[in-house]
Amino acid sequence: MMRVVVLCGAAAVLAALCALHLWLGAAAMDFSTIADAFFAYDPKNYSHVVVIKQRLTRLVVALYAGGALAVSGYLLQKIMQNGLVSPSTLGISAGATNFVVLSVYLGWLGGAWQFLPALLGGVAALAMTFGLSNLLRGQGDRRLTLVLAGAMIGTLFSSLTTFVVSLDADRFTTLIGWLIGNIGNFDYVALIPMAPLGVVAIVAAAFAARAVDVLMLGDDQAAVMGVNVRAVYAVTLLIAIVLAVSAVTVVGPIGFVGLVVPHIVRIFVGDTGRLALWLNLIGGAAVLTAADILARVALAPRVMNVGTIMGLAGGTIFLVLVLAAARRGGRI
């Protein structure tokens, strides 16, 4: 019963944020106008166009990208038993971004097909992170060594991205917001082909939830209980990468969602079972929706980059979590 209450409470918070997202902006709109935009849409009515073509489209993108990044971070932290890993800290986001920029520069692939170089870049960056982490083995805490390797690889790919952009800056003028990590009014176009991938990945994560829980007992114990450790690890890693890369393809490298949300959820319900998975999905969507609200109202009518908001807010929240863990003598 308690699980149902928690899930309904989280869904209610998300619903309230969705209403605020549609309501707030450069100019607040009354709810009757918002209702008319949904049920009696008039393309000649400017307010209706703002609600449907700008705020609703941004909201849908924020819900998807936030949920995908949070679940990706949750899965990565769980199978690696490391609360410091996320798509950003492992270099996945930076690798995906770099390969998309390369494909644009070389004129190879466009539109939804950019998911393919993004996926290749994410996988390559993660493989390099694992390789570098192995080379650094024995030089300290393995958890920190992995994150250090991820930071180095992420920095390498980010530098390569800057280099490629500098070769032909005019070609990337329209991608500046995406390179920083942002939600645009037309990102729903990129979301349409990514959403089915994300849904399949989320469903697969739900089916794999029990096996991943068993994996946390240790490889030997999991094998004794009939779990194919390598297969579960590989499938879960693939799901996490697909979710992260699909989000990066749509909104660029927005950080901290996949790092912070799993920690917040863990405080309330732990990190085992499907409830934690659903709460990460809802929590990530809520966090990025809230960030997009702030991005639109903080300096209205000017719209800030959502990636900037998440960098400031996410970094602050993560620092608080680290200090709280240090105060109680534990580790994050």
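**Fold, loops and an aromatic pair in an all-helix prediction**

Pro301 is located in the loop that runs between helix H12 (273-297) and helix H13 (306-327). In this predicted model, the peptide bond joining Ala300 and Pro301 is cis, with an omega of about 10°.

Helix H13, which follows that loop, contains Leu312. Leu312 has a relative accessibility of 57% and therefore counts as exposed, the cut-off being over 50%. The C-alpha atom of Leu312 is separated by 9.4 Å from that of Phe256, although the two residues are 56 residues apart along the chain.

Phe256 itself belongs to another loop, the one between helix H10 (229-251) and helix H11 (257-269). Its phi is positive, at about 75°, although Phe256 is not a glycine. With a relative accessible area of 27%, Phe256 is classed as partly exposed, because this value falls between the limits of 20% and 50%. A positive phi is also found at Gln81, again a residue other than glycine, where the angle is near 50°. Gln81 sits in the loop between helix H3 (46-80) and H4. The relative accessible area of Gln81 is 45%, so this residue is likewise partly exposed.

At the level of the whole protein chain, the secondary structure consists of 13 helices and 0 strands. The pattern read along the sequence is accordingly α-α-α-α-α-α-α-α-α-α-α-α-α. The C-alpha trace spans about 65 × 55 × 35 Å along its principal axes. For 332 residues, a compact globule would be expected to have a radius of gyration near 20 Å; the protein chain has 20 Å and so agrees with that expectation.

Of the 332 residues in the protein chain, 48% are buried. The chain exposes about 15,800 Å², and carbon and sulfur atoms supply 69% of this area. The protein chain carries 19 positive and 12 negative charges, and the mean positions of the two sets are 7 Å apart. When contacts between residues at least 6 apart in sequence are considered, 75% of them join residues at least 24 apart.

A search of the whole structure for aromatic pairs gives 2. The rings of Phe99 and Phe157 have centres 6.2 Å apart and planes at 55°; the pair is therefore tilted, since the angle is neither under 30 degrees, as for stacked rings, nor over 60, as for edge-to-face rings. Distant parts of the chain are linked by this pair: Phe99 is in helix H4 (residues 92-106) and Phe157 is in helix H6 (residues 142-167), with their positions 58 residues apart in sequence. Phe157 has a relative accessibility of 5% and counts as buried, because the value is under 20%.

Helix H6 also includes Thr145. The relative accessible area of Thr145 is 9%, so Thr145 is buried as well. Apart from its neighbours within four places in sequence, Thr145 makes contact with Ser133, Leu136 and Gly140.

Notes. Residues numbered from 1 in each chain as written. Predicted model: local features only at pLDDT ≥ 70, side-chain atom pairs only at ≥ 80, totals over all residues. Heavy atoms only, no water. Phe/Tyr/Trp six-rings, centres within 6.5 Å; stacked < 30°, edge-to-face > 60°. Helix = DSSP H or I, 4+ residues; strand = E, 2+ residues; numbered from the N terminus. Buried < 20%, exposed > 50% of the residue type's maximum accessible area, 1.4 Å probe, protein only. Rg over C-alpha atoms; globule rule 2.2 N^0.38 Å. Contact = heavy atoms within 4.5 Å. Areas by Shrake-Rupley, 256 points an atom, 1.4 Å probe, with all protein chains shown as cover. Lys, Arg positive; Asp, Glu negative; His and termini not counted. Charge placed at Lys NZ, Arg CZ, Asp CG, Glu CD.
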